[in-house]
Amino acid sequence: MNAPSYSPVTPMIDFTPAILHQGKTWYISFKVRPPGSGQLKEVRYKFNRITDLHRRKKEGLKRCEESTIKLAAGWNPFIHSNSGRSFETIEKAFTEYLNEKEYLATKNSMRADSIRAYVSYLRNFEKWAGPKILQKPCSYLSTELIDAFSVHILEERQRSTRTRNNYMSFFNHMCQWMLRKKFIQINPVSSIAKLPEGKKKRTVIPRSTLKTILSYLEDNLPYRTLCLTIYYTFVRRKELCEIQVKHINLARQTLYIPADISKNKRDQVVTLPNDLIEALKIHLKRAKPEYYVFSLNGFRPGIKPSPVKKVSDQWAKLRRELELPSEYQFYSLKDTGITDMLRRGVPILIVRDQARHYDISITDKYTPKEDQNAAPELLNYSQDL
């Protein structure tokens, strides 16, 4: 009687280790089983981006090790990614994101201030995370990692909840972009909740303090004129630095803000009150039309615009020398100007247009509620109940 024959049982293998292939085209490959399939399928990722071959090999072998560990932990690119972009590094995704935003800025589709903020957010994250994390694949950008960074912003950098929320808002926006570009498959920030925010740190400057500031600036008339311009016209710092002499009409008492420098991307005109006109007449004496009103030359009219940062730095110096509280920030001049106009009885619609608010509800936030009088029509109101 013949002995029964048995077929050997081959264990089901779900993946093979990642291997670095070197040649005309370098690539990393491994095999993995797609869901519902009985066969392993090869996955390849090109790895030519590093010019130095020694470093390319070192990074490639490191990437193979990381990929094999991920595969052993259950990662499957056919489940967790629609494309190979999730294998790209976090650093590459960040760079591509900023490059796109900087290009949009050249087309006036984004403000330079926004780009500076984005760069700052990412640089602070990169400094905290370190180069090792930046070289990991985008799939490593997890909710846990970004939440840990948000704790760092709050507790180690001692920033406000408002600042922390601004960071998370930025990362949410960037991760939505990464999702569209197939760098990640889910948005890791979507589950991170916004924290309750305290009252806005910036506050209105009392009239006596404002007089002290303007008196102090008698020794720096160009910057004094700049502060008066913010106080009376509510223009933004970036706009202020881009305004040219030709945009000011002293006879009509108007300031024209072209769409290409306006935050709202619209041509707009604001009024120059008499007090500001007198200061501008002195400030613009002998200035050429193409000069910037507040230039790199000590905020005097000149051929190169003043950097936005220089405007803020000068205010910080002023605040230190006058020992003013941190709540009196540069944009407090704008807040104070709007509030003072409303206090003097300027109609809210006029103030809205001067501030270029898109909705009257924004202007109404500046209305000093404690100064409001009772409505005369209601004083003797009675229903004889």
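In this predicted model, His247 is in contact with Glu242, Thr254, Leu255, Tyr256 and Pro258, leaving aside its neighbours within four places in sequence. His247 belongs to the loop between H10 and strand S4 (248-249). With a relative accessible area of 10%, His247 is buried, because the cut-off for that class is under 20%.

**Sheet beside the loop**

Two of the residues that His247 is in contact with, Leu255 and Tyr256, bring in strand S5 (254-257). An open sheet of 3 strands has the order S4-S5-S6, with antiparallel pairing. Its edges are S4 and strand S6 (268-271); each has a single partner strand, so one side of each is left without a neighbour in the sheet. S5 and S6 run antiparallel and are joined by 4 bridges. Tyr256 has Val269 in S6 as its bridge partner.

**Nonpolar cores**

The largest nonpolar core has 42 residues. Tyr223, Leu226, Leu255, Trp315, Phe330 and Leu333 are the residues with the most contacts inside this core. At least two core residues come from each of helix H8 (207-216), helix H9 (221-233), helix H10 (237-242), strand S5 (254-257), helix H11 (274-283) and helix H12 (308-321). H9 gives the most to this core, namely 7 residues. Apart from this core lies another, of 32 residues, including Leu98, Ile146, Tyr167 and Phe183.

Which residues does Leu333 contact, leaving aside its neighbours within four places in sequence? They are Ile205, Leu210, Cys227, Ile230, Tyr231 and Trp315. Cys227, Ile230 and Tyr231 are among the buried residues of H9.

**Helices H9 and H4**

H9 is mostly covered, with 12 of its 13 residues buried. Its buried residues are Pro222, Tyr223, Arg224, Thr225, Leu226, Cys227, Leu228, Thr229, Ile230, Tyr231, Tyr232 and Thr233. After H9 comes Phe234, which has a positive phi near 65 degrees.

In H4, the buried residues are Ile115, Tyr118, Tyr121, Leu122, Asn124, Phe125, Glu126 and Ala129. They are covered by elements that include helix H3 (90-106), helix H5 (131-134), helix H6 (143-156) and H7. Gly130, just after H4, takes a positive phi of about 90 degrees.

The end-to-end C-alpha spans of the two helices are set beside the expected values below.

| Helix | Residues | C-alpha span | Expected at 1.5 Å a residue |
|---|---|---|---|
| H9 | 13 residues | 18 Å | 18 Å |
| H4 | 18 residues | 26 Å | 26 Å |

For H9 the span is close to the expectation, and for H4 the two values agree.

**Aromatic pairs and charges over rings**

The aromatic pairs number 20. A pair of aromatic rings is described by the distance of the centres and the angle of the planes. For Tyr118 and Phe170 the ring centres are 5.1 Å apart and the planes are at 35 degrees, so the pair is tilted. This pair links distant parts of the chain: Tyr118 is in helix H4 (residues 112-129) and Phe170 in helix H7 (residues 161-180), 52 residues apart.

Are Tyr118 and Phe170 buried or exposed? Tyr118 counts as buried at 16% relative accessibility, and Phe170 counts as buried at 4%.

Ring pairs also join Tyr118 and Phe170 into a cluster with Phe94, Tyr97, Tyr121, Phe125, Trp128, Phe149, Tyr167, Phe171, Trp177 and Phe183. Of these, Tyr167 and Phe183 are also among the residues of the 32-residue core.

Two lysines are placed over rings. Lys310 lies over the face of Phe299, 5.3 Å from the ring centre. Lys334 has its charged end over the ring of Tyr331, at 6.0 Å from the centre.

**Pro34**

Pro34 is in the loop between strand S2 (27-32) and strand S3 (41-46). Its relative accessible area is 16%, and Pro34 is buried. Apart from neighbours within four places in sequence, Pro34 is in contact with Gln39, Lys41 and Phe78. Pro34 and Pro77 are separated by 43 residues in sequence and by 8.4 Å in space, C-alpha to C-alpha.

**Whole protein**

The secondary structure of the protein comprises 16 helices and 6 strands. Of the 385 residues, 41% are buried. Among contacts with a separation of 6 or more, 57% are between residues 24 or more positions apart.

Notes
Residues are numbered from 1 along each chain as its sequence is written. This is a predicted model: local features need pLDDT of at least 70, side-chain atom pairs count only at pLDDT 80 or more; totals for chains, interfaces and linings use all residues. Side-chain values use heavy atoms; hydrogens and water are left out. A nonpolar core is a set of buried Ala, Val, Leu, Ile, Met, Phe, Trp, Tyr and Cys residues joined through side-chain atoms within 4.5 Å. Buried means under 20% relative accessible area, exposed over 50%, partly exposed in between (1.4 Å probe, protein chains only). Contact means heavy atoms within 4.5 Å. Rings of Phe, Tyr and Trp (its six-membered ring) pair if their centres lie within 6.5 Å; planes under 30 degrees apart count as stacked, over 60 as edge-to-face and the rest as tilted. A charge sits over a ring if NZ of Lys or CZ of Arg is within 6 Å of the ring centre and within 35 degrees of the ring normal. Two strands pair if DSSP finds at least two bridges between them. The expected span of a helix is 1.5 Å times one less than its number of residues.
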